[in-house]
Structure formats: C-alpha cells, structure tokens
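Reader: Got a minute to go through a structure with me? I'd like to talk about a pocket and some strands.

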Amino acid sequence: LHIERIRVSLNTRRGPVAFTADSVSSIDPLAFFFQKKPIRFSFKNLRPEHSASRGIEGEFLFLGGNEPRFQLAADFDGMTLEDFRWLDPDNLDGASGKVGGHIRFRRTGDQAPFFEMTLDAPDPGGSLQAKFFDLFLPYLPASVQRKRVEKLAGRGERLVRFKTADLKVEMPEGDRMKVLLHILVLDYNLKLQLSMEVRTDSENALLKIARWMGVVEVKL
C-alpha cells in the first residue's frame, strides 16, 4: 500500500487544524492483518498545511485482535516553533526558531500507554512572546529566578529572544506525566530550569483530558 499527498484534519478546541503528509506506505504485506500479525507503516513529511518545513517522518505499527497494539516512533529536524502554534495560538503567536526532536508512543491492550516527546531549539534560538513565560510561574518557588520570570512575563505580547531551549515530556504511566524544561534568555539574565510532575487520580486520566480538549479527536 502506498498513498501520496494525504490531508488530515485534527479537531481542537479552537477548530480544525489541517495537516498534510507526502506519503504513507506499508512496510509489511497487508495480508498480515488477516494473519493477526503486526503491520508496519512508514510516513514522510507530516506537517501543518502550508508549512515550509520538512515535517515529521517515522513509522507506526498496528496489531488488531483481542489485544490490540499500536506503536509510533517519529523524528523531526528543521521544523519551526511556528509549526506548533496550533497547540496554543494565544501564547505561540509570532514564535520563531528551528526545532528538532522525536516522539515515541506505544500501547498494548488495556495496559497504560507510554509517551515521550523531546523538543530541542539550539543556538541561535528564536523568539517567544514574553507572556508565554507566565505559564511557568505556578511551578516556581519564591526566588531570584521567579522574580526574573515575573518581570519577563509582564512584557505581554512583546517578542523576546531566547538563545537555546529544550523540552522533554514523558508519560511513563497512565496517571503520571513528567516535564523537564530548560531555556536561556540572555537579555533577562534568565536560565530557567523547570522540572515538574503532574499526577491524576485515575489511570488514563491524561488521555481523557486530551480527548475532552479535542486534541486527539481526528477526522480524515
């Protein structure tokens, strides 16, 4: 199976967001589906519609039956922060800078899913709205660093240059998510290092929240 130029609409709270992929191809014979064997697919250049970046490339595996399995491994290099604006249009409007990273996801049957994503924006960095940093204030204790973030966030929609940044989000269990963030803003003498863990009361609650927000409701 080989399909070229695919368009996917992702429903979000703010409306549909269109993505395109140059191609999707099966690596294994489709007969594996009837033989109850896992089938691997590859995809190339998945990106927001009208984006000039190379997008995301990777593979996903699907196995049906009584204990279905899904795995995804994707990498991206040369995308921009603008490609992620749909996640938070208010705070990421005007954002710029090249980013690379990877996404890993797997789930088997009713077991808790595993999710990991990394983003790396190397030197020379890029720009973010000053108010974007207001998102981190609830997780920072009283300190010199917090005062600098408060001062920075108070500049509102003004774009601020950052030199480097990296983010890692990991969900090792269905009810727990870890977030690690590092960002360097030279103009404010700010080297923000944030480590936090989000817990919920019920297993898979994070996925339920994502569905409620419309993040994972996909229509072809």
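Author: Here is a short walk through one pocket, one residue and a few paired strands.
Author: This is a predicted model, where local features need pLDDT of at least 70, side-chain atom pairs count only at pLDDT 80 or more, and totals for chains, interfaces and linings use all residues. Residues are numbered from 1 along each chain as its sequence is written, and side-chain values use heavy atoms, with hydrogens and water left out.

Reader: OK, what volume does the second largest pocket have?
Author: About 160 Å³.

Reader: Which strand gives the most to its lining?
Author: Strand β2, residues 15-26, with 3 residues. Strands here are DSSP runs of E, at least two residues, numbered from the N terminus. Among the lining residues are Arg14, Glu82, Asp83 and Trp86.

Reader: Switching topic: is Ser23 buried or exposed?
Author: Ser23 counts as buried because its relative accessibility is 11%; buried means under 20% relative accessible area, exposed over 50% (1.4 Å probe, protein chains only). Ser23 sits in strand β2.

Reader: And what does Ser23 touch?
Author: Leaving out residues up to four places away in sequence, Ser23 touches His2, Ile3, Glu4, Arg5, Ser42, Phe43 and Lys44. Contact means heavy atoms within 4.5 Å.

Reader: How many bridges join β10 to β11?
Author: 8, with the two strands antiparallel, and Glu173 is opposite Arg176 in β11. Strands pair if DSSP finds at least two bridges between them.

Reader: What about β11 and β12?
Author: They pair antiparallel over 10 bridges, with Lys178 opposite Glu197 in β12. Their hairpin has 4 residues between the strands, and Asn189 takes a positive phi near 50° there.

How values were computed
On a 1 Å grid over the protein atoms alone, a cavity is a set of points where a 1.4 Å probe fits but cannot get out, and a pocket is an open set with protein on both sides within 12 Å along at least five of seven lines; lining residues have an atom within 4 Å of a point. Grid points are joined across faces, edges and corners, and a volume is the space filled by probe spheres set on the points.
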